[in-house]
Amino acid sequence: PLPTQHKIAGILSAYDDLIENNTRRIAILEEIAERIYKEWFEDFKYPGHENDKMVDSEMGMIPEGWRVEKLGESIELAYGKGLTKPERRGGFIPVYGASGIVGYHDKAFVQGPGIIVGRKGNVGSIFWSQVDFFPIDTVFYVVTDISLHYVYYNLQSQNFFNTDAAVPGLNRNQAYLNDMLIPDQKVIAQFQEQNETIFRQIKIFSDITLTLSQTRDLLLPKLISGKVDV
């Protein structure tokens with residue numbers, strides 16, 4: 001009956017509104033974190049910058065005590081592992097491909113948090129996983145002693161080139177030749193502390209959104225079939 005349809009639509013719309021609100025909150029938090037990175041490490045307006053001297057480098061003027069290294073000196077782009085769609089057994093472990101999360105599995109390959117870099121298809125795409133994850137063979141995952149929070153944003157500013165016109169691919173050895181700015185450890189530690197707070201909030205909203213989506217999808221067929229009364 002039409003009145004019941006309207007009630008069902010109202011219930012589902014309430015879930016959609018909550019999901020949309022959380023999505024907006026996540027977007028705002030991500031924008032804040034990105035702005036902090038650019039202000040500190042591109043505009044060099046980090047806490048205490050007024051007292052630091054600027055010196056010349058391969059990347060132009062940078063604060064004294066900071067250095068420029070080749071990307072390959074600072075991080076390793078490790079290969080993901082093959083896991084076909086039929087092999088994914090479901091669960092809570094996100095499976096990452098070059099386009100992001102492509103499914104879920106019951107066993108992790110890499111302990112989170114971690115960074116995923118697109119290797120085949122979506123070349124140079126960068127993803128962050130707050131939890132343990134499974135990167136498949138179309139991506140790299142990052143291994144480094146530097147703060148992952150800093151590396152995550154630095155990689156987004158890198159220029160990664162497609163090395164194959166037929167099948168887009170990222171050549172790891174070529175990527176290793178890119179310049180990478182290594183700031184003072186004190187500044188990186190301050191950035192990580194601030195960023196961890198933001199990322200914790202993002203994870204909270206993401207978890208709530210996932211629960212809301214799953215609940216909505218479970219309710220829809222039951223409401224329509226009458227198994228659950230409005």
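Is leucine 210 counted as buried, partly exposed or exposed, and at what relative accessibility? In this predicted model, leucine 210 has a relative accessibility of 39% and therefore counts as partly exposed, since the partly exposed class lies between the cut-offs of 20% and 50%. Leucine 210 belongs to helix α5, which covers residues 185-225. On the surface, Leu210 forms a nonpolar patch with Ile101 and Tyr104. The accessible area of these residues together is about 260 Å².

Asparagine 154 lies in helix α3, formed by residues 148-156. Its relative accessibility is 4%, so asparagine 154 counts as buried, the cut-off for this class being under 20%. A polar contact of 3.0 Å joins the side chain of asparagine 154 to the side chain of glutamine 158. When neighbours within four places in sequence are set aside, the contacts of asparagine 154 are Tyr37, Met180 and Leu181.

Alanine 33 is placed in helix α1, which spans residues 2-41. With a relative accessible area of 0%, alanine 33 is buried. Apart from neighbours within four places in sequence, alanine 33 is in contact with Tyr153, Phe191, Asn195, Ile198 and Phe199. Helix α5 comprises residues 185-225, and Phe191, Asn195, Ile198 and Phe199 are among the residues in contact with alanine 33. A separation of 24 Å was computed between the C-alpha atoms of alanine 33 and glutamate 69, which are 36 residues apart along the chain.

Definitions and conventions: Residues numbered from 1 in each chain as written. Predicted model: local features only at pLDDT ≥ 70, side-chain atom pairs only at ≥ 80, totals over all residues. Heavy atoms only, no water. Patch = residues over 30% accessible without salt bridge, like charges linked within 9 Å, V, L, I, M, F, W, Y side chains within 5 Å. Areas by Shrake-Rupley, 256 points an atom, 1.4 Å probe, with all protein chains shown as cover. Salt bridge = Lys/Arg side-chain N within 4 Å of Asp/Glu carboxyl O. Helix = DSSP H or I, 4+ residues; strand = E, 2+ residues; numbered from the N terminus. Buried < 20%, exposed > 50% of the residue type's maximum accessible area, 1.4 Å probe, protein only. Polar contact = N/O pair within 3.5 Å; in protein donor to acceptor, adjacent residues only side chain to side chain. Contact = heavy atoms within 4.5 Å.
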